[in-house]
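Dear colleague,

I am handing over the structure below, and I would ask you to keep it open while you read the notes that follow it.

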Amino acid sequence: MAKVKNWQIDREMEYPYAENRPKKQWAIVFDLNKCIACQTCTLACKTTWTSGKGQEYMLWNNVETKPYGSYPLAWDVRVLERLGHQAWEAKKPYYGKTIYEAAEAHEKAAHFSPEDQDWMYPNHGEDDCANQVNGGDYLSLKHDKWFFYLPRTCAHCTYPACLAACPRKAIYKRQEDGVVLIDQSRCRGYGECVKACPYKKSMYNPHTRVSEKCIGCYPAVEQGLQPQCVVNCIGKIRIMGFINPPWNAKADNPVDYLVHKAGLALPYYPQLGLEPNIYYIPPVHANQEYLQQMFGPNVNQAIDAYRILKDDKVAQGLLMLMGSTDRIIRRFEVKDDFAFGYDESGDELVSVPLVEKMITRTAFDEKFGAVRNNTP
Ligand code: SF4
Ligand code: SF4
Ligand code: SF4
């Protein structure tokens, strides 16, 4: 195996291929404090890309209720069990094993294989915080009554396990945007990617007999547009852009700011070692031990930063830009109580006020003879 640098665990690690970072890296940031599990994102993806036969269970985007929900069944619990107990101290590199380092001789990555039945219940555990699924008896660790929604796409990982495991070399990572794709004409449906991806975001389609996955909406991204699951998000919880590694981070790049500068957004299960490129602003109300397991030991700092957003106009403005335009915002700035988003050439795409103006009207409009309600 080659030695590659993984900034999310702050050390070198083993990976089957040499480091080959793309020129740009596709990324999405999700604010989990705002997701309402409406599944509009799921439907936006399905109606755009996966409407043919055999697509019923091809949920490239899904939204699960944590801690009880999961698709496929218990994917997170099972991969963590496979990894075994590992420790990680705050502000230090992760010295535990990644799935590549924990692999046995016959594996590219430590993995588990979901059964057909595990893929059959995409809404399993939805909205469950009150013992509806046997109090979470299938989990060894019981939880207090709290939950949050976790929307998930493929993470277009810097070190993808799907790509590492494919015996046909049918999976590749694009240099121009870091999107990870499966060449459907090379794939023979062996399902090695499905087994190896710890996030279970590569899916075997029994009708076409090949594997498929989120394509990052690359035809839109090539035109400077954000993906379908992002622009259709009802809660405006998402922003798509390009992330730089921390040594090249730019303070006016929206994703760099949220991840590297403000420390508000974190990758999920970074300890697995894939450098996944979907990032989450963690929910402030959920169990912190659970959040540490999911987002790493620096999650408390991210929550503290979120709690004092009222003192950080730049971060406030950036969060207001989420869902404000269908174009990819390459640069942003906050000035005079407005947040501005710019495209690659520096042209203004959008501006939004940090605080919406409140307009109070008389209850009875004499001109139109109409009675109106004022909704704060
Ligand atoms: S559309 Fe947005 S708010 Fe609705 S479930 Fe998806 S991520 Fe959450
Ligand atoms: S999330 Fe899974 S399917 Fe997507 S790039 Fe990473 S390893 Fe591959
Ligand atoms: S990025 Fe595009 S392909 Fe991927 S989950 Fe979102 S809508 Fe689907």
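Please bear in mind that this is a predicted model. A good place to begin is strand β11, which pairs with strand β12 (residues 278–281) in the antiparallel sense over 2 bridges, and within this pairing L266 stands opposite Y280 of β12.

These two strands belong to an open sheet of 4 strands, which run in the order β10-β3-β12-β11 with mixed pairing. Because β10 (238–242) and β11 (266–267) stand at the edges and each has a single partner strand, one side of each is left without a neighbour in the sheet. Helix α7 (residues 254–261) packs on this sheet, where it touches β3 (26–31), β10 and β12, and its direction makes about 100° with that of β10.

You may then turn to helix α9 (residues 299–307), whose buried residues are V299, A302, I303 and Y306. Seen down the axis of α9, these buried residues fall within an arc of 95°, and therefore they line one face of the helix. Among what covers them are β11, β12 and α8 (288–295), and β11 and β12 are the strands whose pairing was described above.

Finally, there is ligand 1, which has 14 residues around it, and of these C35, C38, C41, C233 and G235 come nearest. The elements that give two or more residues to this shell are α1 (40–49) and β5 (148–152). What kinds of residue make up the shell around ligand 1? They divide into 11 nonpolar and 3 polar residues, with no charged ones.

With best wishes

Key:
Residues are numbered from 1 along each chain as its sequence is written. Chains are lettered from A and ligands numbered from 1 in the order in which they are written. This is a predicted model: local features need pLDDT of at least 70, side-chain atom pairs count only at pLDDT 80 or more; totals for chains, interfaces and linings use all residues. Two strands pair if DSSP finds at least two bridges between them. Two residues are in contact if their C-beta atoms, placed from the backbone, lie within 7 Å. Axes are lines fitted to C-alpha atoms, for helices over the stretch in contact, and angles run from 0 to 180 degrees between N-to-C directions. A residue is buried if 20 or more other C-beta atoms lie within 10 Å of its own, exposed if 12 or fewer, and partly exposed in between; C-beta atoms are placed from the backbone. The arc is that of the directions from the helix axis to the C-beta atoms. A residue is near a molecule or strand if its C-beta atom, placed from the backbone, lies within 6 Å of it. Ala, Val, Leu, Ile, Met, Phe, Trp, Tyr, Cys and Pro count as nonpolar, Asp, Glu, Lys and Arg as charged, and the others, Gly among them, as polar.
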